[in-house]
Amino acid sequence: MQITASTVSLTVDDIAASRRFFTAHLGYAEQAAAEGFALLSREDAAVDIVLLARGNEVLPAAQRDQRASGLILAFTATGIEGEEERLRGEGVEITMPLREEPWGERLFQVTDPNGVVVQFVEWVTPPVPVDA
């Protein structure tokens with residue numbers, strides 16, 4: 001098997017609100033949309049995002065009423081200090097301000113209108129590979 005792309009599917013109550021958030025603030029563009037569905041992508045290495053309306057019948061019955069929660073959509077990027085300032089200037093609430101962890105990771109978080117947590121990470125010190 002060869003994986004050719006990655007997509008995360010998020011079940012939300014308000015597709016339009018999440019679509020506006022990701023396109024207005026995070027550089028995503030809508031590639032396709034239909035009732036209860038939107039596909040967003042970027043031209044860089046970011047994962048594609050599928051937004052599905054909660055209750056959508058294309059989902060298995062056990063998943064229809066679940067919401068995207070308990071997950072963090074994390075992007076490793078460069079220049080995140082400037083990104084935090086830009087987002088703050090656009091009125092996006094920074095739900096976890098920029099901080100640096102002892103192991104060399106700098107990060108901050110924002111949260112979209114449906115509660116999807118988006119985290120930006122930049123490595124000050126590259127992570128050390130763990131021998132298997």
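**Exercise 1. Which residues of helix 1 are buried?**

Work this one out on the predicted model.

*Step 1.* Go along helix 1 and pick out the residues with under 20% relative accessible area, the cut-off for buried. You should end up with I15, A17, S18, F21, F22 and H25.

*Step 2.* Now check the two ends of the helix. At the N-terminal end, D14 acts as the cap, with a side-chain oxygen 3.2 Å from the backbone nitrogen of A16. After the helix comes G27, and its phi is positive, near 75°.

*Step 3.* Take F22 and look for its neighbours, skipping residues up to four places away in sequence. F22 touches G27, Y28, L40, I49, L73, D112, V116 and V118.

**Exercise 2. Place helix 1 in the overall fold and find the core it helps to build.**

*Step 1.* Start by counting elements: the protein has two helices and eight strands. Read from the N terminus, their order is β-α-β-β-β-β-α-β-β-β.

*Step 2.* Next, look at burial. The chain has 132 residues, and 38% of them count as buried. In soluble globular proteins, nonpolar side chains tend to be buried together.

*Step 3.* Find the largest nonpolar core, which has 25 residues. Inside it, F22, Y28, V110 and F120 have the most contacts. At least two core residues come from each of these elements: helix 1 (15–25), helix 2 (80–89), and strands 1 (7–12), 3 (37–41), 4 (48–53), 5 (72–76), 7 (105–111) and 8 (117–123).

*Step 4.* Finish with sequence separation. Take the contacts between residues at least 6 apart in sequence: 46% of these join residues at least 24 apart.

**Exercise 3. Trace the salt bridges, and explain why the R54 pair ties together parts that are 41 residues apart in sequence**.

*Step 1.* Recall the background: side chains of opposite charge can pair when their charged atoms come close. With a cut-off of 4 Å between a side-chain nitrogen of Lys or Arg and a carboxyl oxygen of Asp or Glu, the count is 10 salt bridges.

*Step 2.* Zoom in on R54 and D13, whose closest N and O atoms are 2.5 Å apart. R54 sits in the loop between strand 4 and strand 5, while D13 sits in the loop between strand 1 and helix 1, so the pair links parts 41 residues apart in sequence. Both partners are partly exposed: R54 has a relative accessible area of 31%, and D13 comes in at 44%.

*Step 3.* Try R42 and D44, which form a salt bridge at 2.4 Å, N to O. R42 is partly exposed at 31%, and D44 is partly exposed at 42%.

*Step 4.* Move on to E90 and R86, with closest N and O atoms 2.7 Å apart. E90 is partly exposed at 36%, as is R86 at 31%. Elsewhere in the tally, salt bridges with shared partners join E81, E100, R106 and E122 into one network.

**Exercise 4. Which residues lie nearest the centre of the largest pocket?**

*Step 1.* Get the volume: the largest pocket holds about 260 Å³ of space.

*Step 2.* List the lining. There are 15 residues in it, and R42, D44, F75, A77 and F120 lie nearest the centre.

*Step 3.* Sort the lining by element: strand 5 and helix 2 each supply at least two of its residues.

*Step 4.* Cross-check with the earlier exercises. R42 and D44 are the salt-bridge pair, and F120 is among the residues with the most contacts inside the largest nonpolar core.

Methods: Residues numbered from 1 in each chain as written. Predicted model: local features only at pLDDT ≥ 70, side-chain atom pairs only at ≥ 80, totals over all residues. Heavy atoms only, no water. Core = buried A, V, L, I, M, F, W, Y, C linked by side-chain atoms within 4.5 Å. Buried < 20%, exposed > 50% of the residue type's maximum accessible area, 1.4 Å probe, protein only. Helix = DSSP H or I, 4+ residues; strand = E, 2+ residues; numbered from the N terminus. Contact = heavy atoms within 4.5 Å. Polar contact = N/O pair within 3.5 Å; in protein donor to acceptor, adjacent residues only side chain to side chain. 1 Å grid on protein atoms, 1.4 Å probe; cavity = no way out; pocket = protein on both sides within 12 Å on 5 of 7 lines; lining within 4 Å. Points joined across faces, edges and corners; volume = space filled by probe spheres on them.
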